[in-house]
Amino acid sequence: MRGRFDPRRKRAEAVAAENRDAAVELDLSEVVAALHWDLAEWLGTDAPPKVFDRISGALDEGFTSVVTTGQAVDRETLLSGLWSARNAQPGLRIEVSEVGEIARRPGLVVARFMAANTVGELTTRRRVTAVLVTDGQRHLWRSVHETPFAGS
């Protein structure tokens, strides 16, 4: 991904060590949907910079992603590409479904879900596995692995 990264964006706050063992109380569907609503708004509209700030603030400092091409990208690379992709897919809608918990430990949740990206008449789907770190109050995306899904 190319583009200039905006240094004004907020860095994610680390989950405090003393809170890593706190009970994990989050609704995975809401957490997953919130990030994807922001992604759809950023990529599909002339969104204000605060939308980008919410996205970057939701990613852990050690965030990595394996995208549908198989390429692994770090947080800075992903955010740089997102910054330059504002409104690159006008009208983008992202629907999240089948949100499920794979594992939960104090300070950590692993989730799997389906994401369907629609622009006009074209819909692409992917199955996503995500690792989130949490202190029981705040959650940060640590890792995402996307796999294209052609099934029904």
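**A colleague's note on the fold**

1. There are three helices and six strands in this protein, and please keep in mind that the model is predicted. From the N terminus onwards, the elements come in the order α-α-β-β-α-β-β-β-β.

2. A word on confidence before you go further. The mean pLDDT is 87, with 82% of the residues at 70 or more. Residues 12-25 have a pLDDT below 50, although this stretch still makes 35 contacts in the model beyond near neighbours in sequence. I would read those contacts with that pLDDT below 50 in mind.

3. Now the overall numbers. The protein has 152 residues, of which 41% count as buried. About 8,500 Å² is exposed, and carbon and sulfur atoms supply 50% of that area. Taking contacts between residues at least 6 apart in sequence, 58% link residues at least 24 apart.

4. How are the six strands arranged? They form an open sheet in the order 2-1-6-5-4-3, with mixed pairing. Strand 2 (72-74) and strand 3 (93-105) are the edge strands, each pairing on one side only. From one strand to the next, the twist averages 20°.

5. For a closer look at the pairing, take strand 4 (residues 108-119) and strand 5 (residues 122-134). These two run antiparallel and are joined by twelve bridges. One pair to pick out on screen is F113 with its bridge partner V128 in strand 5.

6. Helix 1 (residues 28-44) packs on the sheet. Its contacts there are with strand 3, strand 4, strand 5 and strand 6 (139-149). The direction of helix 1 makes about 140° with that of strand 3.

7. Which residues of helix 2 (residues 49-57) are buried? They are V51, F52, I55, S56 and G57. The cover over these buried residues includes helix 1, strand 1 (59-66), helix 3 (75-84) and strand 6. As background for the spacing, an α-helix has 3.6 residues a turn, so residues three or four places apart point the same way.

8. Finally, a glutamate to look at: E146 lies in strand 6. Is E146 buried or exposed? E146 counts as buried because its relative accessibility is 18%, and the cut-off for buried is under 20%. Leaving aside residues up to four places away in sequence, E146 touches V66, V67, T68, R126, R127 and V128. Among them is V128, the bridge partner of F113 from point 5.

Notes: Residues are numbered from 1 along each chain as its sequence is written. This is a predicted model: local features need pLDDT of at least 70, side-chain atom pairs count only at pLDDT 80 or more; totals for chains, interfaces and linings use all residues. Side-chain values use heavy atoms; hydrogens and water are left out. Helices (H or I, at least four residues) and strands (E, at least two) are DSSP runs, numbered from the N terminus. Buried means under 20% relative accessible area, exposed over 50%, partly exposed in between (1.4 Å probe, protein chains only). Contact means heavy atoms within 4.5 Å. Accessible areas come from the Shrake-Rupley method with a 1.4 Å probe; for residues, only the protein chains shown count as cover. Two strands pair if DSSP finds at least two bridges between them. Axes are lines fitted to C-alpha atoms, for helices over the stretch in contact, and angles run from 0 to 180 degrees between N-to-C directions. pLDDT is the predictor's confidence in each residue, from 0 to 100.
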